[in-house]
Amino acid sequence: MKKIITAMLVASMILAFAACGNNVDETTTAATTTAETTTAETTTAENTTAETTTEETTAAPIVAAEDAKTVLSNVYGNFLDKLAPLFGASSGEELKGYFVSAEMEEITEVDPETGEEYTYPMPVSGPGALSLEDTDNLAYYTLFPAESVSKLNSAACFFNMMNMNNGTVAAFEVKDAGDVTALADTMKEKITTNMWMCGFPERYLIVNVNGTLISAFGNADTINSLKDGVLATYADAAVLYDAAL
């Protein structure tokens, strides 16, 4: 019974703080018939033209090679390793329980007094994806502006399970490279003008990782360790903002 009560209290605390096929038409059929009666030289020329047209109409690839959750997952281990010495831990593995996501999972345990199984919801440890359709939830966890959600392909986050203002880290996969700078500026404005509750973050950070923006706010040790972890993971990452709040 004590375990049930404890699990419920922990969960409540965390929640509080935290294609198409090819179409064949009459023109195509006629062209095919004509091609059969033409010389090899003409046929080659037509094929060359077709290949050129195909290349010109191929859609450009998206900016980011990885979605937001993958980027954070890649950074996560290095971030914890950089943070570990500041907590007196020998490795980042010991700190995995300190940070959770907005994703939930059902935990099943057995009450030692009654032998009965019981389940309760708990946040998933480490980075988790965020729905772009739930703009209120996205803004709550990351401060991302709802009016700019259409510019994203994906979003993800993780945060300090005791107090989000001690360390909240988010990533946003941007659709168009041309929007990266403007979005970073908007995110900076949201963070620096936010009305904070339950403590005031010491620093904030915004980094561009190949078209995916990582933003974070929290105490100085957390933010500095995150920056070091990002740069250790992605050598070409560009720090756009790193300042005190």
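L143 is buried, with a relative accessible area of 17%; buried means under 20% relative accessible area, exposed means over 50%, and partly exposed lies in between, for a 1.4 Å probe and protein chains only. The model is a predicted one, in which local features need pLDDT of at least 70 and side-chain atom pairs count only at pLDDT 80 or more, while totals for chains, interfaces and linings use all residues. Residues are numbered from 1 along each chain as its sequence is written, and side-chain values use heavy atoms, with hydrogens and water left out.

L143 is placed in the loop between α5 (135–142) and β4 (152–160). Helices (H or I, at least four residues) and strands (E, at least two) are DSSP runs, numbered from the N terminus. The phi angle of L143 is near 70°, a positive value in a residue other than glycine. Most residues other than glycine have a negative phi. A positive phi is also found at N210, where the value is near 55°. N210 belongs to the loop between β6 (203–209) and β7 (212–218). With a relative accessible area of 39%, N210 is partly exposed.

L143 is also one of the contacts of I191, a residue of helix α6 (residues 180–192). Contact means heavy atoms within 4.5 Å. Apart from neighbours within four places in sequence, I191 is in contact with L143, W196, Y204, S215, F217 and L245. The relative accessible area of I191 is 1%, so this residue is buried. Between the C-alpha atoms of I191 and Y204 the separation is 7.7 Å, and the two residues are 13 residues apart along the chain.

M187 lies in helix α6 as well. It counts as buried because its relative accessibility is 4%. When residues up to four places away in sequence are not counted, M187 touches F144, P145, F172, I206, L213 and S215. S215 is thus found among the contacts of M187 and among those of I191. From M187 to T142 the C-alpha distance is 9.3 Å, with their positions 45 residues apart in sequence.

The loop between α6 and β6 holds F200. This residue counts as exposed, at 54% relative accessibility. The C-alpha atoms of F200 and G218 are separated by 7.9 Å, and these residues are 18 residues apart along the chain.

Helix α4 (residues 68–83) packs against helix α7 (residues 220–233) at an angle of about 130°, and the axes are 8 Å apart. Axes are lines fitted to C-alpha atoms, for helices over the stretch in contact, and angles run from 0 to 180 degrees between N-to-C directions. The angle makes α4 oblique to α7; angles under 35 degrees count as roughly parallel, over 145 as roughly antiparallel, 65 to 115 as roughly perpendicular and the rest as oblique. The two helices cross in a right-handed manner. A crossing is right-handed if the near helix is turned clockwise from the far one by less than a right angle, and left-handed if anticlockwise.

On the α4 side, the contact is made by N74, V75, N78, F79, K82 and L83. These meet D221, T222, S225, L226, D228, G229, V230, A232 and T233 in α7. The residues of this contact divide into six nonpolar, six polar and three charged. Here Ala, Val, Leu, Ile, Met, Phe, Trp, Tyr, Cys and Pro count as nonpolar, Asp, Glu, Lys and Arg as charged, and the others, Gly among them, as polar.

T222, in helix α7, is buried because its relative accessibility is 4%. Residues up to four places away in sequence aside, T222 touches F79, L83, N166 and G167. F79 also belongs to an aromatic cluster, together with Y76, F99 and F158. In the whole structure, 11 aromatic pairs are found. Rings of Phe, Tyr and Trp (its six-membered ring) pair if their centres lie within 6.5 Å.

After α4, the loop between α4 and β1 (99–110) contains A89. A89 has a relative accessible area of 13% and is therefore buried. Its contacts, not counting residues up to four places away in sequence, are A84, E94 and L95.

Terms used: Rings of Phe, Tyr and Trp (its six-membered ring) pair if their centres lie within 6.5 Å; planes under 30 degrees apart count as stacked, over 60 as edge-to-face and the rest as tilted.
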